Amino acid sequence: MGDAQAEGEGPRCVGCGGCVKTLFVQYSPGNIRLMKCDNCKAVADPYIECEFMIILIDLILHKTRAYRHILFNKLSMGSSVDKGILYRSTLIHIALDAFRISFSKGNRADGASSTSIFSTIFNCFEVIGDAFLGNIIFMIMLFLGVRFILKLSFDITRYREVLFAVIISSYFKLFLFTMMVWEFPSSVIFIVEMFVLSSNVVALRGKHCTFSP
């Protein structure tokens with residue numbers, strides 16, 4: 001059925017979020033039958049037969065079903081294929097934040113920066129430190145919110161799922177790489193951040209079914 005089901009919490013219906021035994025039955029290569037959810041009686045995960053661009057469009061449109069497909073059935077943290085994906089995606093997330101901070105500081109400096117090696121190294125460490133500290137503060141506030149709003153008991157596995165959902169749903173930060181090629185006004189960074197925050201909310205809403213008792 002796929003590695004996502006081999007261990008961990010198993011696959012889920014993208015419609016209602018309920019657990020399902022299997023997403024599809026394969027009769028022969030290229031010949032599969034999608035299974036229905038016992039809870040809502042709909043096809044558990046129709047995205048299995050969709051191209052990646054269709055899934056990406058639904059992610060951009062903030063569809064909870066698309067986020068459930070990615071978080072539960074595609075990139076499950078319990079799968080053997082995705083061991084360590086949380087740590088790799090966290091490093092990428094921090095690197096993108098560091099680039100955003102560097103871009104903002106570059107705009108404020110109006111291109112007037114020191115050319116000494118010492119100054120360059122210091123600026124790099126300063127930017128990475130700002131990105132790291134900013135993410136720590138954000139995650140602390142997020143975990144406190146999840147703890148008191150969702151009444152989530154202390155369970156390191158659940159908090160890792162929250163962190164995983166937030167980082168994966170911050171994919172739009174990859175757009176910052178385009179600033180290395182094309183010139184954008186600094187207001188674009190604010191727009192990207194607002195889009196990322198709204199994606200985080202949708203992802204957590206889709207993940208909420210695993211937090212319920």
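A salt bridge here is a side-chain nitrogen of Lys or Arg within 4 Å of a carboxyl oxygen of Asp or Glu. Going by that cut-off, Lys 63 and Asp 58 make the grade, since their closest N and O atoms are 3.6 Å apart. The two partners sit in rather unlike settings: Lys 63 is partly exposed, at 38% relative accessible area, while Asp 58 is buried, at 11%. The model is a predicted one, and it holds four salt bridges.

Arg 100 turns up in further pairs. With Asp 97 its closest N and O atoms are 3.5 Å apart, which makes a salt bridge. Asp 97 and Arg 100 are three residues apart in helix α3 (residues 85–109), so about one helical turn separates them. Asp 97 itself is buried, with just 5% relative accessible area. Arg 100 also meets the side chain of Glu 193 in a salt bridge, at 3.3 Å from N to O. That pair ties together distant parts of the chain, as Glu 193 belongs to helix α6 (residues 187–207) and Arg 100 to helix α3, 93 residues apart. Thanks to shared partners, Asp 97, Arg 100, Lys 173 and Glu 193 end up in one network.

On to the cysteines. Searching the whole structure turns up zero disulfides. Cys 13 has the sulfur of Cys 40 as its nearest cysteine sulfur, 3.6 Å away, and is in no disulfide; the cut-off for a disulfide is 2.5 Å, so this pair does not count as one. Cys 13 is buried, at 1% relative accessible area, whereas Cys 19 counts as exposed, at 52%.

Helix α2 (residues 64–74) is mostly covered, with nine of its 11 residues buried. Among them are the nonpolar-looking names one might expect, including Ala 66, Ile 70, Leu 71 and Phe 72, but Arg 68, His 69 and Asn 73 are on the buried list too.

A nonpolar patch lies on the surface, made up of Phe 132, Leu 133, Ile 136, Ile 137, Ile 140, Met 141, Leu 144 and Phe 148, with about 810 Å² of accessible area together. One of these, Leu 144, lies in helix α4 (residues 117–149) and is partly exposed, at 43% relative accessible area.

Finally, the annotation. An unreviewed UniProt entry lists residues 131–150, 162–182 and 188–206 under "transmembrane region". Over residues 162–182 the model is 33% helix and 0% strand, with the end C-alpha atoms 34 Å apart. Residues 188–206, by contrast, are 100% helix and 0% strand, and their end C-alpha atoms lie 27 Å apart.

Methods
Residues numbered from 1 in each chain as written. Predicted model: local features only at pLDDT ≥ 70, side-chain atom pairs only at ≥ 80, totals over all residues. Heavy atoms only, no water. Buried < 20%, exposed > 50% of the residue type's maximum accessible area, 1.4 Å probe, protein only. Helix = DSSP H or I, 4+ residues; strand = E, 2+ residues; numbered from the N terminus. UniProt positions renumbered as here; feature names shortened; annotations may be inferred. Patch = residues over 30% accessible without salt bridge, like charges linked within 9 Å, V, L, I, M, F, W, Y side chains within 5 Å. Areas by Shrake-Rupley, 256 points an atom, 1.4 Å probe, with all protein chains shown as cover.
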